[in-house]
Amino acid sequence: MKKILVFLLLIFSQYISAQPIVELKAFKANGASVTTDKKLITVKWPNGASAFSRVVLDLEKDQPLFYSIGEDAKGRSVEIVKGLDPAFILRQGKRTLSPSSGGWDVFFDKVPDRLYTTELIRLDKTEASVHTAGSSTVIKINKISSRDFSGHLEITFYNGSPLFNVAAVMATDKDSTAILYDAGLVNKKALWKNLAWSDVKNTMLRMEPSVSTPSTNVEVKYRTVIGENAAGSLAVFPAPHQYFYPLDEAFNLKFTWYGRNYLDLVPDFGIGIRQEPIGDRRFVPWFNAPPQTQQRLNFFCLASSKNAKATLELVKQFTNNDVFPQLAGHKRMATHFHNEFIMDVVLSGKPVPEKPEFVDVLKNAGLDIVKLAEFHGPGHPKGPDSIRLVELKALFEQTKRLSDSSFLLLPGEEANNFYGGHWLAFFPKPVYWIMSKKENAPFETKDPQYGTVYRVGNKEEMLKLLEKEKGLAWVAHARTKGSTDYPDKYKDEAFFKSDTYLGAAWKSIPADLSWPKLSERVLKLVDDMANWGHRKHAIAESDIFTITNQNEMYAHLNVIYLKLNKLPAYEQGWQPVLDAMRNGKFFVSTGEVLIPNFTINGKESGDVLKLSGTKKVNIEAALQWNFPMNFAEIVSGDGEKVYRERINLNYTKAFGKQKFSWPVDLSGRKWVRLEAWDIAANGAFTPMIWLE
């Protein structure tokens with residue numbers, strides 16, 4: 001009898017150890033429900049449409065993780081799809097970490113030119129836990145691993161939307177690592193009835209897959225591929241900006257895939273997102289993955305009882321149809337475009353189109369003002385005069401011709417001399433100037449055809465020109481690319497301290513998937529400049545060459561929301577644009593998060609606030625968002641240190657707006673600004689309010 005008892009206990013213990021453990025202690029009621037039944041976890045959450053989305057996870061070892069995905073509405077339960085497994089493919093390469101190239105802030109790196117590995121991440125469903133994070137519900141499943149990375153799978157469900165996120169959260173001990181990832185959902189049971197996507201011309205395409213359909217990379221608009229069945233559809237898409245590591249080009253590199261045997265690593269049929277490892281074949285830095293950082297290799301899913309076309313419309317809402325939305329009292333401005341329309345088209349002998357494609361692309365993105373950066377490579381910035389002045393004349397004529405009452409196309413250049421590094425020059429009207437001067441030649445001359453012509457030979461004369469013509473300058477891609485050591489090297493120079501020097505421009509360089517926001521490189525710089533004692537600003541920059549309808553432009557764009565009620569007329573000059581920039585009357589956004597208001601005691605960004613008596617004040621702010629918000633951050637400084645106060649906003653739901661009043665102690669502080677970021681790492685930030 002004793003032997004039988006021992007045998008039964010042994011069998012029972014083996015049975016128990018074989019069952020996945022689901023820990024529910026950290027789950028709290030928030031409108032969602034979580035139930036378990038042996039191997040199954042059922043999550044239901046309100047999806048904002050008087051219905052509940054439903055996902056059932058299966059922790060059985062040899063079964064697909066997503067047992068079923070569906071919707072419960074009006075007493076009716078719909079099963080959209082069943083039998084899907086997540087798939088993650090990790091590419092791991094070597095990062096160049098030379099201080100001269102910016103260290104982890106490097107852009108001039110070519111990771112795919114060196115040896116790298118491509119492997120399927122392994123999922124071992126040994127245990128799971130559920131916890132509540134504001135209005136979202138998070139399930140962690142252990143464990144996932146690759147050769148050098150390990151971590152867990154994390155699935156997050158967001159109340160108020162049929163949206164959920166699937167993430168492989170992984171870290172490595174290896175130094176100097178750069179990564180890319182592809183991901184998606186694999187059919188382990190029945191295939192989709194149809195697959196669907198929008199092509200780059202905004203036409204909805206469908207195809208009926210078969211078991212033998214080979215893996216195919218697809219060029220799509222809105223970065224989305226959709227599986228469709230009779231009962232509904234499921235969209236798979238990435239974070240709209242975070243997933244796209246920095247490049248000089250916005251080429252559409254076929255960022256989605258479908259089919260079986262993807263990369264000879266995923267034998268079953270799947271749909272998903274992908275990155276092209278060779279990028280645009282120029283500088284291809286991939287993502288940073290420093291040691292012990294929790295990299296989130298993630299994608300979003302949106303399940304709907306609607307057909308694929310209607311589901312895509314739901315996805316498009318998160319990026320306002322890839323259009324930067326209008327905001328009362330503001331104009332949307334983007335800068336730093338090397339389209340080289342003048343040299344490549346106008347002065348090349350080619351026919352000049354009445355409506356160039358690049359103008360339509362930028363208008364369709366919702367932009368009101370675009371500042372170019374022509375003659376960066378082609379062109380003759382240093383002369384000779386006979387060529388340089390013709391080029392400038394063509395630039396001014398074409399930007400005037402292509403501007404109208406609702407769109408300003410403004411001339412501008414990226415200069416590589418006088419100040420050090422690369423920097424942008426911007427004048428409030430057409431200015432003829434040559435970036436060189438012969439010895440003893442006059443700084444200013446009168447030309448019968450061009451009027452006043454300036455010849456600049458050094459940094460002192462450059463400052464003189466900017467002062468005389470009320471222009472602005474700022475460092476391009478600060479602390480990386482061709483400006484790796486700038487503006488730090490010239491922070492004590494007269495031209496930098498001048499009011500003509502605006503500050504810096506922000507673009508998401510570098511990219512790091514462990515960050516809950518996009519790049520901090522320039523955000524840290526603007527804080528440093530403020531602590532140096534200089535009242536400088538950080539605007540947005542795109543730094544893109546080719547601009548076409550085929551491109552994935554939205555992922556690589558960011559904008560300045562200038563406080564302007566009216567668009568200036570080109571013929572009258574655009575001084576109000578420069579004044580708004582110079583005075584800090586704007587905020588920067590990726591488009592999904594807006595900051596319509598940021599004030600303290602009635603003072604707004606760019607203003608000086610004199611604090612008398614108590615230093616405890618309320619920051620008044622208004623936010624608008626599409627994806628649920630993650631957090632806001634109040635950033636301040638005392639001339640030496642930078643202070644960050646994070647405000648948790650994970651209780652928010654998709655497509656909201658709210659006014660906030662946050663108490664803050666600003667004792668000893670000299671400046672303060674605001675950032676706000678959503679769950680997809682989209683965000684917005686303001687210039688400083690200066691404190692006295």
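In this predicted model, the lining of the largest pocket is made up of 12 nonpolar, 13 polar and 5 charged residues. The space in this pocket amounts to about 600 Å³, and of the 30 residues that line the pocket, Glu154, Tyr158, Arg296, Asn630 and Ile679 are the closest to its centre. Two or more lining residues are given by each of strand E8 (122-133), strand E9 (136-145), strand E10 (149-158), strand E21 (295-304), strand E39 (629-637) and strand E40 (642-648).

The second largest pocket holds about 500 Å³ of space and has a lining of 22 residues, among which Asp85, Pro86, Ile121, Arg122 and Leu123 lie nearest the centre of the pocket. By class, this lining consists of 13 nonpolar, 1 polar and 8 charged residues. At least two of the lining residues come from each of strand E6 (76-94), strand E8 and strand E19 (266-273).

Apart from the pockets, 6 cavities of 30 Å³ or more are found in a search of the whole structure. The largest cavity, with a volume of about 210 Å³, is lined by 20 residues, and those closest to its centre are His241, Phe244, Ser508, Leu518 and Ala555. The lining of this cavity comprises 10 nonpolar, 7 polar and 3 charged residues.

Several residues in loops are buried, and their surroundings can be described in turn, beginning with serine 101. Serine 101 belongs to the loop between strand E6 and strand E7 (117-120), and it counts as buried because its relative accessibility is 17%, where the limit for burial is under 20%. With neighbours within four places in sequence left aside, the contacts of serine 101 are Thr96, Val106, Phe107 and Thr484. The side chain of serine 101 also reaches the backbone oxygen of serine 98, at 2.9 Å. Although serine 101 and threonine 480 are 379 residues apart along the chain, their C-alpha atoms are separated by 6.8 Å.

Proline 277 lies in the loop between strand E19 and strand E20 (287-288) and is buried, with a relative accessibility of 7%. Beyond its neighbours within four places in sequence, proline 277 is in contact with Arg91, Pro112, Tyr116, Leu180, Tyr245, Val284 and Trp286. Between the C-alpha atoms of proline 277 and lysine 524, which stand 247 residues apart along the chain, the separation is 29 Å.

Phenylalanine 375 occupies the loop between strand E23 (369-371) and helix H5 (385-402), and its relative accessibility of 3% places it among the buried residues. When neighbours within four places in sequence are set aside, the residues in contact with phenylalanine 375 are Glu340, Ile342, Met343, Pro381, Arg388, Glu391, Leu392, Leu395 and Glu413. A distance of 7.7 Å separates the C-alpha atoms of phenylalanine 375 and glutamate 414, two residues that are 39 residues apart along the chain.

Helix H6 (residues 459-469) has as its buried residues Glu461, Met462, Leu463, Leu465, Leu466 and Glu469. The cover over these buried residues includes strand E26 (423-426), strand E27 (432-434), strand E29 (451-455), strand E30 (472-475) and helix H7 (494-497). At the start of helix H6, a side-chain oxygen of asparagine 458 comes to within 3.1 Å of the backbone nitrogen of glutamate 460, whereas the helix is followed by lysine 470, which has a positive phi, near 60 degrees.

Further along the chain, an open sheet is formed by 4 strands in the order E36-E35-E38-E41, with antiparallel pairing. Strand E36 (603-604) and strand E41 (656-665) are the edge strands, each of them pairing on one side only. Within this sheet, strand E35 (residues 593-600) and strand E38 (residues 616-625) pair in the antiparallel sense over 6 bridges, and isoleucine 600 has isoleucine 619, in strand E38, as its bridge partner.

Threonine 686, in the loop between strand E43 (683-685) and strand E44 (689-691), is likewise buried, with a relative accessible area of 4%. Not counting residues up to four places away in sequence, threonine 686 touches Phe587, Ile595, Phe598, Arg673 and Leu674.

Notes: Residues are numbered from 1 along each chain as its sequence is written. This is a predicted model: local features need pLDDT of at least 70, side-chain atom pairs count only at pLDDT 80 or more; totals for chains, interfaces and linings use all residues. Side-chain values use heavy atoms; hydrogens and water are left out. Buried means under 20% relative accessible area, exposed over 50%, partly exposed in between (1.4 Å probe, protein chains only). Contact means heavy atoms within 4.5 Å. A polar contact is a pair of N or O atoms within 3.5 Å; within protein, one must be able to donate a hydrogen and the other to accept it, and residues adjacent in sequence count only if both atoms are side-chain atoms. On a 1 Å grid over the protein atoms alone, a cavity is a set of points where a 1.4 Å probe fits but cannot get out, and a pocket is an open set with protein on both sides within 12 Å along at least five of seven lines; lining residues have an atom within 4 Å of a point. Grid points are joined across faces, edges and corners, and a volume is the space filled by probe spheres set on the points. Ala, Val, Leu, Ile, Met, Phe, Trp, Tyr, Cys and Pro count as nonpolar, Asp, Glu, Lys and Arg as charged, and the others, Gly among them, as polar. Two strands pair if DSSP finds at least two bridges between them.
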